[in-house]
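This report looks at how a ligand is held in a protein model, and then turns to two features of the backbone.

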Amino acid sequence: MASETPTISSFHSPHWDIFCVVVDNYGDIGVTWRLAKQLAAEYQIDINLWVDDLNSFSHILPELDKSVAQQRFHNVNIFKWNQPLDINYDPGAVLIEAFACELPSQVTSLIGELHQKHKAKESITKPPVWLNLEYLSAEDWVDGCHGLPSMQASGIKKHFYFPGFTAKSGGLICESTLFKLRDEWQSNTNNKVALFKKLGLTGITAKDFVISVFSYETTALTALCKHWIQCNSITNKTSPVSKRIHALFPMGKSLSSILDLLNVPLQAIKTGQQFCLGNLVIHILPMTDQTQFDRLLWSCDFNIVRGEDSFLRAQWAAKPFIWHIYPQEDDYHLVKLQAFVNIYSQKLENDVANTWSKTNFAFNQQDSNVVEHWQQLISAQSTLEQHAKHWPIDAKKDADLASRLVEFVKTS
Ligand code: TRH
């Protein structure tokens with residue numbers, strides 16, 4: 001539920017600033033862009049989103065003009081963040097640094113000065129509430145760390161805001177109308193047929209099995225594609241159903257894992273191409289904006305997703321999925337994967353939970369047993385589908401990230 005619009009009267013300007021450094025890929029900008037849009041749309045907050053890489057951003061916001069330093073979409077001001085900052089920073093009510101990105105020195109000095117003046121009662125203007133938006137994790141320690149303050153050299157406190165799956169965490173990004181829009185979409189198959197047409201996909205019939213593939217490079221994907229080429233049935237628990245498999249690959253990293261199968265160099269792959277390989281049809285998709293990407297996930301029978309934002313959107317899609325988690329040093333990502341597998345599996349029957357876990361670990365560990373686990377997993381597709389429908393309600397709990405964030409700011 002969206003709560004009321006925040007009133008933060010003691011600040012001289014009610015706008016919020018979000019700073020985002022694109023480390024790699026699209027997740028950093030993907031998460032901050034979703035949040036910025038939601039805060040603007042549902043809380044009428046004037047948002048300035050500062051981004052250091054408009055090129056990456058333009059992949060998920062095709063209307064963006066990469067050569068323009070200031071522009072506005074979805075009621076969000078998008079600023080190109082150059083070093084040193086060449087657009088005036090005016091302190092607002094809230095300052096969010098995404099994923100511990102280093103803020104420009106002009107910004108930190110300015111808010112430090114504001115703090116000193118306010119403390120000395122030379123100014124009634126408070127410095128902004130300063131937050132570091134962290135990465136999403138289902139690990140237990142998140143609850144204890146969410147919201148903790150850390151004193152900065154300037155004397156201002158910075159708070160660590162941890163998204164998460166529990167009531168004590170910072171919550172999950174989820175727009176207030178998302179589930180309604182998804183349900184409406186999924187209740188009418190014409191929607192997916194129209195979307196596939198719009199994306200230039202041909203030859204997909206209602207009986208076919210459609211899988212979206214947005215992963216990193218992995219030999220597990222190669223093994224699965226080889227299996228899909230040869231398999232001529234998707235086995236249901238009760239009966240084998242003969243189905244052609246369509247794998248939808250948006251342009252990007254997953255393609256590197258199947259070049260040998262396609263028998264073409266990466267440079268020769270173009271959006272709109274189709275490769276018919278035995279029982280498998282591989283379709284090459286353009287990247288779209290986030291709304292279309294969500295609809296794509298809503299429209300497939302199974303999604304392979306990655307990183308942070310597509311991982312969450314696959315959950316909101318209420319469809320079975322595999323999560324290719326962003327690799328971290330010392331295999332720490334496997335700890336994060338296990339933490340999520342534990343919570344996602346709580347209400348699944350033991351054997352299905354076990355298979356889902358094994359498939360995810362095999363995919364992430366490039367284990368050729370992924371095919372064996374996949375075969376078992378797909379035989380439980382209807383159970384997984386039921387689970388996937390209930391999961392979003394359990395996961396979102398009573399409040400989404402934006403509403404918790406707005407409350408957090410009010411009490412900080
Ligand atoms: O792209 P990702 O792998 O991003 C990241 C970053 O690498 C980051 O550094 C890392 O720390 C983080 O993962 C965990 O995966 P992610 O998070 O799923 O982001 C992809 C975004 O791209 C997401 O917002 C959905 C969007 N997208 C579209 O809007 N249209 C598309 O067609 C596709 C394929 C994706």
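In this predicted model, a polar side-chain atom of D28 lies 3.1 Å from an oxygen atom of the ligand, and two further contacts of this kind, one from a side chain and one from the backbone, are listed with it below.

| Residue | Protein atom | Ligand atom | Distance |
|---|---|---|---|
| D28 | polar side-chain atom | oxygen | 3.1 Å |
| R306 | side-chain N or O | oxygen | 2.9 Å |
| E308 | backbone N or O | oxygen | 2.8 Å |

Taken alone, the ligand exposes 710 Å², and the protein buries 97% of that area. The ligand sits in the largest pocket.

**The shell around the ligand**

There are 23 residues around the ligand, and those that come nearest are D24, Y216, T288, D309 and S310. By residue class, the shell divides into 10 nonpolar, 7 polar and 6 charged residues. Three helices, α1 (27–43), α9 (290–299) and α10 (309–316), each supply at least two residues of this shell, and α1 gives the most, with 3 residues.

Where does the ligand lie with respect to domain 1 and domain 2? Domain 1 comprises 8–171 + 398–410 and domain 2 comprises 178–396, and because both give residues to the shell around the ligand, the ligand lies between them.

**Two backbone features**

Most residues other than glycine have a negative phi, and most peptide bonds are trans. Against that background, two places in the backbone can be pointed out. The peptide bond that runs from Q83 to P84 is cis, with omega near -10°, and P84 is found in the loop between strands β4 (76–80) and β5 (94–98). The other place is N263, a residue other than glycine whose phi is positive, near 65°; N263 lies in the loop that runs between helix α8 (259–262) and strand β13 (274–277).

In summary, the ligand sits in the largest pocket, between domain 1 and domain 2, with 97% of its exposed area buried by the protein and with oxygen atoms placed 3.1 Å from a side-chain atom of D28, 2.9 Å from a side-chain atom of R306 and 2.8 Å from a backbone atom of E308.

Notes: Residues are numbered from 1 along each chain as its sequence is written. This is a predicted model: local features need pLDDT of at least 70, side-chain atom pairs count only at pLDDT 80 or more; totals for chains, interfaces and linings use all residues. Side-chain values use heavy atoms; hydrogens and water are left out. A residue is near a molecule or strand if one of its heavy atoms lies within 4 Å of it. A polar contact is a pair of N or O atoms within 3.5 Å; within protein, one must be able to donate a hydrogen and the other to accept it, and residues adjacent in sequence count only if both atoms are side-chain atoms. Accessible areas come from the Shrake-Rupley method with a 1.4 Å probe; for residues, only the protein chains shown count as cover. On a 1 Å grid over the protein atoms alone, a cavity is a set of points where a 1.4 Å probe fits but cannot get out, and a pocket is an open set with protein on both sides within 12 Å along at least five of seven lines; lining residues have an atom within 4 Å of a point. A molecule sits in a cavity or pocket if more than half of its atoms lie within 2 Å of its grid points. Helices (H or I, at least four residues) and strands (E, at least two) are DSSP runs, numbered from the N terminus. Ala, Val, Leu, Ile, Met, Phe, Trp, Tyr, Cys and Pro count as nonpolar, Asp, Glu, Lys and Arg as charged, and the others, Gly among them, as polar. Domain bounds come from an automatic or database domain assignment.
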